[in-house]
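Q: I am new to this structure and would like a friendly guide. Could you pick one part and take me through it closely?

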Amino acid sequence: MGDFDFSVIIDSLPFLWDGLQLSLLLTFLAIIGGLVLGTLLALARLSGIAPLALFAAGYVNLIRAVPLILVIFWFYFLVPLALGRPIGGFYSALIAFVMFEAAYYSEIMRAGIQSVAKGQVHAGKATGLGYWQIQRFIVLPQAFRNMIPILVTQGIILFQDTSLVFVVSLRDLMTASSIVARTEGRLVEMYLFAALVYFVICFAGSLFVRRLQTRMAT
Amino acid sequence: MIELENVSKWYGDFQVLTDCTTKVEKGEVVVVCGPSGSGKSTLIKCVNGLETVQEGRIVVDEAEVTAKSAKLTALRAKIGMVFQHFELYPHMSVCDNLCLAQEKVLGRSRSEAEARTETLLTRVGMIDHISKYPGQLSGGQQQRVAIARSLAMDPIAMLFDEPTSALDPEMIKEVLDVMVELAREDGMTMMVVTHEMGFARKVADRVVFMDQGAIVEDRPTQEFYENPTSERARDFLSKILNH
């Protein structure tokens, strides 16, 4: 027990910081992309246009039935085949996350859209607003606001899931910690530290959600 | 101005409107009343195409609402509608509630829209609340803002779907006062679903009485209240009067 050496963490901080930045960047971009695509899927599903609704439902059900790691693999190998050139680990991982998260965000946004009273749509229509204007100015802002706690929670899960990008050799926080752990032979210290960082960020996120919920309840 | 000819509507097998025919002339105020579930709200929502009909024709200002090619958004912009539950946009200030469609549908500039908004809020006595959110207002205040929001589109006619039935009794008057003024001073064409007899007697030219999806009576106001011809109307009136 006496031979822990936590100085290895200090020494490798810049390297780990690069990893954390990649994790955060990937999380941030995937949330934005997933939310936009997910919202479109939710609108398609609720559009009342059978082919669109069917497509959206099929997509969501397919993606949600597949492990994320498989989706990351798919895009890593399939996107270069489709484009005829490699696009690199970062972009293929980003596409995979966006496509994967879109399925989850679409379900959240669907519930959010349904939580907005139907009378709101009527009020918009009655003043001559068109479908997209009603969605953009009336329904989606309320849907989004109602769902913020769940959207943030999903974002926290996404942040944890970014640790899977080691499979396409991206150096996120988890991978960076592993590399240091193995090259320096300091497995316990490094994995404890990585766990601590994930915990602090995710717990802060959870506290934020709880505060939002109490504020929204009042 | 508003014409309904033999309008019928079904929800699945259930017929909600049966062969409804009536008319609202320019400047006329018509009150639609009847027991709950009689199809009054459905009827009025058909006028601006919020509900579709399976049979019959509805014509508003010479445009056929029921036509397949009907430009509903353009038509709706010309007809104001006030709802039972106000339906103000809760995430927008009173000012933004009034400006939204003025800017996005009528293409007014922000300053034009704000000028019109201030005029109308002054008129309904809500100018002091212009930067508040709907949640900070009482029901009566919200409904007055909702009326102003409809008026901001400079409508040629106004539809009211039970505008006071979700209000506490002491707030009903403030909303009805605005509506009476609208009828008397602007000569606004109005179709109003309501049970407020006082309002009807003051300003309504005609009363349309509905029961089970059909128009049972359609007569001048005074005649309707003093001498209803149908058994069902008499029964209905005795119920709303004797308590």
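A: What follows is a close look at chain B, from its sheet to its contact with chain A.

This is a predicted model, in which local features need pLDDT of at least 70, side-chain atom pairs count only at pLDDT 80 or more, and totals for chains, interfaces and linings use all residues. Residues are numbered from 1 along each chain as its sequence is written, chains are lettered from A and ligands numbered from 1 in the order written, and side-chain values use heavy atoms, leaving out hydrogens and water.

Let's begin with the sheet. In chain B, four strands make an open antiparallel sheet in the order E2-E1-E4-E5. Helices (H or I, at least four residues) and strands (E, at least two) are DSSP runs, numbered from the N terminus, and two strands pair if DSSP finds at least two bridges between them. The edges are E2 (14-24) and E5 (63-64) of chain B, each pairing on one side only. Seven bridges join strand E1 (residues 2-11) of chain B to E2(B) in the antiparallel sense; B:Trp10, for instance, has B:Gln15 in E2(B) as its bridge partner. Helix H1 (residues 40-47) of chain B packs on this sheet, touching E1, E2 and strand E4 (55-60) of chain B. Contact here means heavy atoms within 4.5 Å.

Next comes helix H5 (residues 139-151) of chain B, which holds B:Arg144. Is this residue buried or exposed? B:Arg144 is buried, at 12% relative accessible area; buried means under 20%, exposed over 50%, and partly exposed in between (1.4 Å probe, protein chains only). Beyond its neighbours within four places in sequence, B:Arg144 has contacts that include B:Met126, B:Glu174 and B:Val178.

The loop between H5 and strand E7 (157-161) of chain B contains B:Asp154, whose phi is near 50 degrees, a positive value in a residue other than glycine. Most residues other than glycine have a negative phi. B:Asp154 is partly exposed, with a relative accessible area of 39%.

Finally, we reach the interface. Chain A and chain B bury about 1700 Å² between them, 64% of it on carbon and sulfur atoms; buried area is the accessible area (1.4 Å probe) that two parts lose on being put together, summed over both. The contact takes 17 residues from chain A and 21 residues from chain B. Zero salt bridges are found across this interface, a salt bridge being a side-chain nitrogen of Lys or Arg within 4 Å of a carboxyl oxygen of Asp or Glu.

Notes:
Axes fitted to C-alpha atoms, helices over the stretch in contact; angles between N-to-C directions.
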